[in-house]
Amino acid sequence: MLSEGFSSYSFAFLEPKTWAYGDDEDNPEFLALTARVKDLHTRATRYARVRLTLLVPDVEASLDGPMEPLNKALSEDFDDDELDAIFWMGHCWSLLVAADPEDLSNVAAMGTVTALLERVYKDKPGYEDGGLAAYFATSHAVMGPGIAGDLAPAGAKFDEAIGVTGGKYLLPRFLKGLHFCRAMSDKKCFVTAMKEVIEADPNALPRRRLTNVLSQNWAKHWLGRADSLFD
């Protein structure tokens, strides 16, 4: 609960505030806000690791070393609680990396983060109502075809994520617009995705109502910036 609470609060309520600063990254308020975002993701990751130690100690003991021992530990069978612990470790760590991409120690851990999340995806591809599939889709889109990503798989993975709930969970569709459509430099795709989020029924999936409403607010923000993003 602590891990999920800290990471979700930072992702949902603090990080969107940074969008208002645009390229003004030297603004003291922006710097203070991003520092708080990183602090909360750090705390979330720490709590996730404590839970991982309790439930899957072999995996936790392999996090800081080479990949071979970790891959061996992840090759075991896990129950739902163990997979949940593995997921939150990978998820919180990935948000921490994204919060400070200049921290080389965290960036270097992306292989470990990916291995953790891929292990959960292997057993539960629809985990978190498609949120896990959306993570992999976003990673592909953000990297872009010129580095290591491939936009075709990103689009397919986003469609997979959206399909888990039949489009009722709006976050994957929002992320598709924000990351995939922008990576494709496709304004029509971007505008369509954001309008679909805004016009959807946030109550269609009651357990995700809060995230759906937030996704609609975020979509309105980014839709208002469409012209500047694709000028």
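1. A good place to start in this predicted model is the salt bridge between the side chains of Lys38 and Asp100, with N and O 2.6 Å apart. The two partners come from distant parts of the chain: Lys38 sits in helix α2 (residues 28–55), while Asp100 is in the loop between α5 and α6 (104–107), 62 residues apart. Lys38 is partly exposed, at a relative accessible area of 25%.

2. Next, have a look at Asp80 and Lys124, another salt bridge, whose closest N and O atoms are 2.9 Å apart. Asp80 belongs to helix α5 and Lys124 to the loop between α7 and α8, so this pair ties together parts 44 residues apart in sequence. Lys124 is partly exposed, with a relative accessible area of 24%.

3. The loop between α7 and α8 also holds Asp129, which is linked to Arg208 in the loop between α11 (187–199) and α12 (209–223), 79 residues apart. Their side chains meet in a salt bridge at 2.8 Å, N to O. Here both Arg208 and Asp129 are buried. The pair is part of a network of salt bridges that links Glu128, Asp129, Arg207 and Arg208. For the whole model, the count comes to 15 salt bridges.

4. Helix α7 (residues 110–123) deserves a point of its own. Its 14 residues reach 21 Å from the first C-alpha to the last, close to the expected 20 Å. Among its buried residues are Val113, Leu116, Leu117 and Val120. The buried residues of α7 pack against α3 (57–61), α4 (67–74), α5 (80–99), α8 (131–143) and α9 (151–163).

Technical notes
Residues numbered from 1 in each chain as written. Predicted model: local features only at pLDDT ≥ 70, side-chain atom pairs only at ≥ 80, totals over all residues. Heavy atoms only, no water. Helix = DSSP H or I, 4+ residues; strand = E, 2+ residues; numbered from the N terminus. Expected span 1.5 Å × (residues − 1). Buried < 20%, exposed > 50% of the residue type's maximum accessible area, 1.4 Å probe, protein only. Contact = heavy atoms within 4.5 Å. Salt bridge = Lys/Arg side-chain N within 4 Å of Asp/Glu carboxyl O.
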